[in-house]
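User: I would like to learn how to read a structure feature by feature. Please take me through one.

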Amino acid sequence: MSQSEPIDAQGLPARAAALDLLTAALAKRAGIDEGLTHPALNALEPRDRAFARALVLATLRRLGPIDAVLQSRLAKAPSDRVVQILRLGVAQAFVLGTPAHAAVATAVDLAAADPHSRPLKGLVNAVLRGLTREPPALDDPDLMAPPWLYARWRAAFGEADARAIAAQIAEEPATDVTLKDPADAQAVAASLEAEALPGGSLRTALRGEVSAWPGFAEGRWWVQDAAAAIPARLLSVESTETVLDMCAAPGGKTLQLAAAGARVTALDRSAGRLKRVTENLGRTGLSAEVIAADATSWNDRRRFDAVLLDAPCSATGTFRRHPDVLWAARPSDVASLAALQSRLLDAAGRRVKEGGRLVYSVCSLEPEEGEAQVAAFLSRTPEFRLEPIAPGEGGAPEASLRPDGALRIQPHHLPGGLDGFYAARLRRA
Ligand SMILES: C[S@@+](CC[C@H](N)C(=O)[O-])C[C@H]1O[C@@H](n2cnc3c(N)ncnc32)[C@H](O)[C@@H]1O
């Protein structure tokens, strides 16, 4: 469903599900993926489910400007539920293009359906009706990100890059796929109406249910953002080599390493998430040793030619597909994740053979999780040094290459966008 097509007003159950989904997505640790398995959503017809999802994503992609508009209209903040109803109403009317009278009426119905919000249905009506008389623009990049994150990006990258990053938040991303066999590129590109990106990823114009697209069931490709496909390529693994993918689930990078012919060990702490790795390996006909263990205390003495540490992180770089991360993240998350990343880097270093290489990556825009991690690791682990990435290597945008040879990929570095990532390659003496 494209954001520009007007979406007909759906019934109350779809909007009620959108309300539950928005509430769950903004609650800490209940991201949009987990929210999509919300019982309220599962009970819906596919069309209503698609509408609820599109409405929540549209709301989250412009939450900053929507809240600024609402704040200017509200003398004091009403209950959380009424705020969510108003946010959904604004997104319907001014982002999705639902006719204004329908957007207002359904928001009022949502308020009326809940005993606690019912007394405020007049307020919902008045605020939304008032806005329909002077439709708000909702496109100011300075309002797109939560202020604390925007301030961090300005401090880390400067005003121009911070604005360019923030301007990507409202954009609906296309889907990128990675090929099992690069020789298949032309045929897959034709069947998925896709363009080839630097590095070999394909960007498809298709929308909707991925599992129905040609070549999915046969395992000829898997969904993976163009930026997420870069770190595994930086290891340039060969078929005789052993590789440890230390935080592997759901497995996009494991598949890349296995497709390159390496003997891959895929480790992850979460047995539940590892099921996705096993399923993905099964569908693509690739193989890897899959182990559920905490990498910091993994009881195994092996060392590997190459290690990939795609560490757990605040995931602020993934806002194009998961705009909820921006609003659910807290400053304290960055500090606690940085402490875990540091322990994981030490554990990863111990697994690298002499002369072997280590790629560290995070889908975070926060320097504490990227640049600072690698600098601290190098200063406490003298047997490793940074091995600079060459311009364009792995399909990395030129603008992402830092003077030290690491990558700081920002979401505006590719036309049409890509996820924010940090990646560095290290070699053991
Ligand atoms: C960014 S995700 C990895 C994404 C994956 N590399 C991919 O490309 O599909 C981080 C993963 O780290 C795992 N994780 C977190 N702490 C861990 C630990 N101490 N040991 C092993 N895995 C851990 C999480 O379960 C999560 O699956």
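Analyst: We go through the sheet, a second set of strands, the core, the ligand shell and some backbone details. This is a predicted model: local features need pLDDT of at least 70, side-chain atom pairs count only at pLDDT 80 or more, and totals for chains, interfaces and linings use all residues. Residues are numbered from 1 along each chain as its sequence is written.

User: How do I read a sheet, and which strands form the open one here?

Analyst: Strands of a sheet pair through backbone hydrogen bonds, either parallel or antiparallel. Strands (E, at least two residues) and helices (H or I, at least four) are DSSP runs, numbered from the N terminus. Two strands pair if DSSP finds at least two bridges between them. Here 4 strands form an open sheet in the order S2-S3-S1-S4, with antiparallel pairing. Strand S2 (194–196) and strand S4 (221–223) are at the edges with a single partner strand each, so one side of each has no neighbour in the sheet. From one strand to the next, the twist averages 30 degrees; axes are lines fitted to C-alpha atoms, and angles run from 0 to 180 degrees between N-to-C directions.

User: Which residues are bridge partners of Val-177 and Leu-179?

Analyst: Val-177 has Leu-202 in S3 as its bridge partner. Leu-179 is paired with Trp-221 in S4. Strand S1 (residues 175–179) is joined to strand S3 (residues 202–204) by 3 antiparallel bridges. S1 and S4 are also antiparallel, with 3 bridges.

User: How many residues of S1 are buried?

Analyst: A residue is buried if 20 or more other C-beta atoms lie within 10 Å of its own, exposed if 12 or fewer, and partly exposed in between; C-beta atoms are placed from the backbone. In S1, 4 of the 5 residues are buried.

User: Does S9 run parallel or antiparallel to S8, and what is its sense with S12?

Analyst: Strand S8 (residues 304–310) and S9 run parallel, joined by 6 bridges. Asp-310 has Ser-361 in S9 as its bridge partner. S9 pairs with strand S12 (residues 421–428) in the antiparallel sense, over 6 bridges. There Val-359 is opposite Arg-425. S9 (residues 352–362) is mostly covered, with 8 of its 11 residues buried.

User: Which residues have the most contacts inside the largest nonpolar core?

Analyst: In soluble globular proteins, nonpolar side chains tend to be buried together. A nonpolar core is a set of buried Ala, Val, Leu, Ile, Met, Phe, Trp, Tyr and Cys residues joined through C-beta atoms within 7 Å. The largest one has 134 residues, and Ala-107 and Leu-309 have the most contacts inside it. Helix H6 (residues 80–96) gives the largest share, 10 residues.

User: Which residues surround the ligand most closely?

Analyst: A residue is near a molecule if its C-beta atom, placed from the backbone, lies within 6 Å of it. The shell has 17 residues, the closest being Cys-247, Ala-249, Arg-269, Ala-295 and Asp-310. Helix H14 (252–259) and strand S6 (263–268) each give two or more residues to the shell.

User: Where is the cis peptide bond, and which residue in the loop between S8 and H16 has a positive phi?

Analyst: The bond from Ala-249 to Pro-250 is cis, with omega near 5 degrees. Pro-250 lies in the loop between strand S5 (242–245) and H14. Ala-315 has a positive phi of about 60 degrees, although it is not a glycine. Its loop runs between S8 and helix H16 (324–328). Ala-315 counts as buried, with 24 C-beta neighbours inside 10 Å.
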